[in-house]
There are 2 protein chains.
Amino acid sequence: MDLTAMGKAAGQAKYALQKMSGEDRNRCLLAVAAALREQKEKILLANGEDVRKGEEKGMHPGLVDRLRLSDARIESMAEGLEEICKLDDPVGEVLERFTRPNGLELRKVRVPLGVIGIIYESRPNVTADAFGLCFKTGNAVILKGGSDALASNSAITQIIRESLGAQGICMDAVQLIASTDRAVTAEFMKMNRYVDVLIPRGGAGLIRSVVENSTVPVIETGTGNCHIYVDEDADIGMAVDIILNAKTQRIGVCNACESLVVHEAAEKELLPVLGEALKKKQVEIRGDRQVKKWIPDCTDATEEDYKTEYLDYILSVKTVSSVSEAITHINTHNTKHSEAIITGNKEHAEQFLKEVDAACVYVNASTRFTDGFEFGFGAEIGISTQKLHARGPMGLKELTSYKYIIQGNGQIRQ
Amino acid sequence: MDLTAMGKAAGQAKYALQKMSGEDRNRCLLAVAAALREQKEKILLANGEDVRKGEEKGMHPGLVDRLRLSDARIESMAEGLEEICKLDDPVGEVLERFTRPNGLELRKVRVPLGVIGIIYESRPNVTADAFGLCFKTGNAVILKGGSDALASNSAITQIIRESLGAQGICMDAVQLIASTDRAVTAEFMKMNRYVDVLIPRGGAGLIRSVVENSTVPVIETGTGNCHIYVDEDADIGMAVDIILNAKTQRIGVCNACESLVVHEAAEKELLPVLGEALKKKQVEIRGDRQVKKWIPDCTDATEEDYKTEYLDYILSVKTVSSVSEAITHINTHNTKHSEAIITGNKEHAEQFLKEVDAACVYVNASTRFTDGFEFGFGAEIGISTQKLHARGPMGLKELTSYKYIIQGNGQIRQ
């Protein structure tokens with residue numbers, strides 16, 4: 001693996017992409033979508049090999065399912081690229097424009113980031129998705145997928161590269177690090193000279209490893225220990241509906257609710273009803289002493305429970321005696337992802353919105369809406385849980401930077 | 001040094017700051033400015049100790065000058081805080097507002113970053129400046145200054161903390177890591193749990209060290225290998241004025257011109273005149289063979305020269321035969337800071353603006369304008385040379401993040 005050569009090639013591709021118009025980039029994406037459809041047998045063959053190897057080494061069935069492609073999943077990869085074409089091109093947007101007293105005219109213009117690195121796990125559809133989002137925004141991309149999906153990712157990347165080449169476009173707009181060697185990944189994370197940003201997509205372990213080992217700027221995504229706080233003035237029926245939705249509509253996602261905080265004045269009305277409803281959905285409840293009063297068969301919650309993103313049919317529950325106590329509990333234990341208050345009290349809502357430290361803070365709605373599509377961005381590369389550059393759902397705009405363009409007529413500095 | 005305790009204290013201060021109004025923060029800054037004036041003798045005394053130690057160990061006179069404070073410099077620190085008060089408060093600004101078909105009302109609102117870490121070198125005035133910018137934007141700050149300025153930085157920080165305390169404000173809004181132990185700095189750079197962003201301010205070595213060793217997100221600032229390209233259609237008089245300004249008006253700054261690129265059609269008219277003018281300013285010219293034809297006593301430029309930020313009376317010069325060649329040369333050697341084209345040709349200007357990869361790209365103006373004050377931001381924490389979060393001069397807005405505030409009435413996800 002010659003990563004330096006890949007970095008240089010991406011650097012060349014980056015300039016080639018920046019010279020293309022948004023329409024030209026869309027035309028390319030449509031051709032790539034068609035190529036993926038036409039050559040789906042090649043993808044399925046490679047994927048079959050990955051799946052066979054995974055099963056042989058006893059991979060967890062859930063992971064095998066993530067890895068496995070089908071006609072429908074390839075069709076949805078192709079449709080994904082077509083959907084991306086329909087979105088507005090953010091590149092070139094003038095964000096600000098101002099003139100200085102000395103006559104200098106400044107424009108702050110949206111530009112591609114340059115070269116984006118994506119490190120991801122076993123879902124091979126990310127290969128086409130990530131390429132599509134990066135290409136649409138004029139960025140070259142270097143992909144490092146999971147070793148379990150190497151054959152699938154290689155097949156998909158090859159089809160995309162050949163399609164670009166056939167259209168006379170620089171194939172190195174997308175490159176795959178086709179190695180399973182951890183030292184190569186470690187080197188990739190230190191390629192500051194060639195890579196402008198790294199975006200890890202996957203589980204908490206992968207993300208932590210990228211944050212800890214990368215010297216390239218990273219956008220941290222994903223982990224969500226999301227809370228719902230039911231205030232004293234809550235509509236209890238609404239609270240039950242929202243909690244059931246946020247906990248059980250889909251359990252393995254980062255915007256699912258993992259922890260419930262209940263005002264003591266709402267306990268009596270809420271907890272018995274909620275306990276029954278959650279039990280019907282096979283949700284295990286881990287609560288404090290006060291919770292046990294209303295749901296006697298619940299498990300004792302530990303401090304560790306309050307810190308945990310279960311991604312499972314488990315919910316931790318904590319009781320508090322004020323909105324301030326709820327906010328402190330949430331800010332102490334959350335992962336800055338998504339938090340909700342259920343309340344009819346405007347002042348409490350305002351305080352919660354202002355003081356809770358998270359990318360998305362909700363009043364009277366499910367945390368499950370934290371999603372690029374639900375927000376209307378039409379795309380999503382991930383959900384940022386850090387505060388630099390982008391926070392919350394990241395769509396196309398979040399894959400861009402800006403530059404200042406300054407027009408003068410001979411100005412010099414005094 | 002108990003960094004964890006400092007991190008926790010900053011975390012508490014962060015919430016306290018976010019509850020304050022912009023007016024309250026301004027009032028505090030004015031009180032701090034007054035306290036710095038009133039207690040200037042204490043600062044001068046501590047600074048005298050730092051200067052004496054520096055001189056004793058043979059510190060370079062230029063560095064001693066950076067370290068030394070005076071009545072005037074303390075006055076300018078106080079005035080700096082007063083100026084910051086006059087700027088608009090960016091916190092709370094609604095950046096976007098939209099309603100989804102399901103009735104969810106979203107607002108994207110500017111919020112403080114949280115806890116900012118600043119690692120800087122020997123100028124003790126950075127202590128007050130950085131505190132002022134962070135405090136104005138509702139951020140807690142942890143400062144790690146150079147060991148040569150420890151007594152000065154400690155005195156300034158103590159005065160600020162006492163002033164905050166006297167006003168009933170959380171003193172831990174500013175904390176100084178009063179240690180000269182490198183292991184402490186190394187630990188500081190890994191405090192992801194408590195610090196949202198690190199901003200290094202200083203020379204290339206310091207910045208590289210922070211980028212390479214930090215796991216906290218970093219905003220890379222400062223290095224500027226800035227180019228001026230004189231096109232075939234340039235106004236030669238304007239070109240000479242701008243080059244002299246960008247090279248010699250102040251040599252030790254990151255937006256000074258370090259390298260000149262000249263179209264072969266402009267050589268004959270430009271180089272002899274420019275050579276004379278630069279010689280009068282004691283600027284050494286390092287050029288290629290073509291440059292030597294017109295400035296026979298110039299030094300031979302090496303590839304290393306074209307990569308170097310001299311911060312000195314030296315200018316590298318390269319000749320090219322097209323604007324495309326100039327752009328390629330610049331993109332290969334620059335540090336993505338500031339680049340200028342001198343031309344009367346609109347198409348060439350457009351191509352240069354679009355294809356040169358830098359934070360600031362100029363037509364017919366000096367690169368020396370890349371500066372938060374010159375851009376009208378009224379403040380500057382540094383000049384970002386990376387593409388994530390902020391690019392170019394960073395003022396108050398660049399010390400903020402955003403959060404999504406979502407108002408619902410019981411929405412759940414289907």
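The following paragraphs describe the interface between chain A and chain B in a predicted model. Local features were restricted to pLDDT of at least 70 and side-chain atom pairs to pLDDT 80 or more, whereas totals for chains, interfaces and linings use all residues. Residues are numbered from 1 along each chain as its sequence is written, chains are lettered from A and ligands numbered from 1 in the order in which they are written, and side-chain values rest on heavy atoms, with hydrogens and water left out.

Chain A and chain B each contribute 80 residues to the contact, contact being defined as heavy atoms within 4.5 Å. The area buried between the two chains is about 6400 Å², of which carbon and sulfur atoms give 50%; buried area here is the accessible area (1.4 Å probe) that two parts lose on being put together, summed over both. Of the area that chain B buries against chain A, 13% is supplied by K387(B), L388(B) and R413(B), more than by any other three residues.

R413(B) also forms a salt bridge with E374(A), with the closest N and O atoms 3.3 Å apart. This is one of 10 salt bridges found across the interface, the criterion being a side-chain nitrogen of Lys or Arg within 4 Å of a carboxyl oxygen of Asp or Glu.

Strand pairing also links the two chains, where strands (E, at least two residues) are DSSP runs numbered from the N terminus and two strands pair if DSSP finds at least two bridges between them. Strand β13(A) is joined to β16(B) by five bridges in the parallel sense, and V363(A) has Q407(B) as its bridge partner in β16(B). Conversely, β16 (residues 400–411) of chain A and β13(B) pair in parallel over five bridges, with V363(B) as the bridge partner of Q407(A). An open sheet of 10 strands with mixed pairing follows the order β10(A)-β9(A)-β11(A)-β8(A)-β7(A)-β12(A)-β13(A)-β16(B)-β2(B)-β1(B). At its edges stand β10 (299–300) of chain A and β1 of chain B, each with a single partner strand, so one side of each is left without a neighbour in the sheet.

The structure holds 13 aromatic pairs over all chains, the rings of Phe, Tyr and Trp (its six-membered ring) being paired if their centres lie within 6.5 Å, with planes under 30 degrees apart counted as stacked, over 60 as edge-to-face and the rest as tilted. The rings of F375(A) and Y404(B) have centres 5.1 Å apart and planes at 75°, so this pair is edge-to-face. The pair crosses between chains, from F375(A) in the loop between β13 (360–365) and β14 (382–384) of chain A to Y404(B) in strand β16 of chain B.

Note on methods. Helix = DSSP H or I, 4+ residues; strand = E, 2+ residues; numbered from the N terminus.
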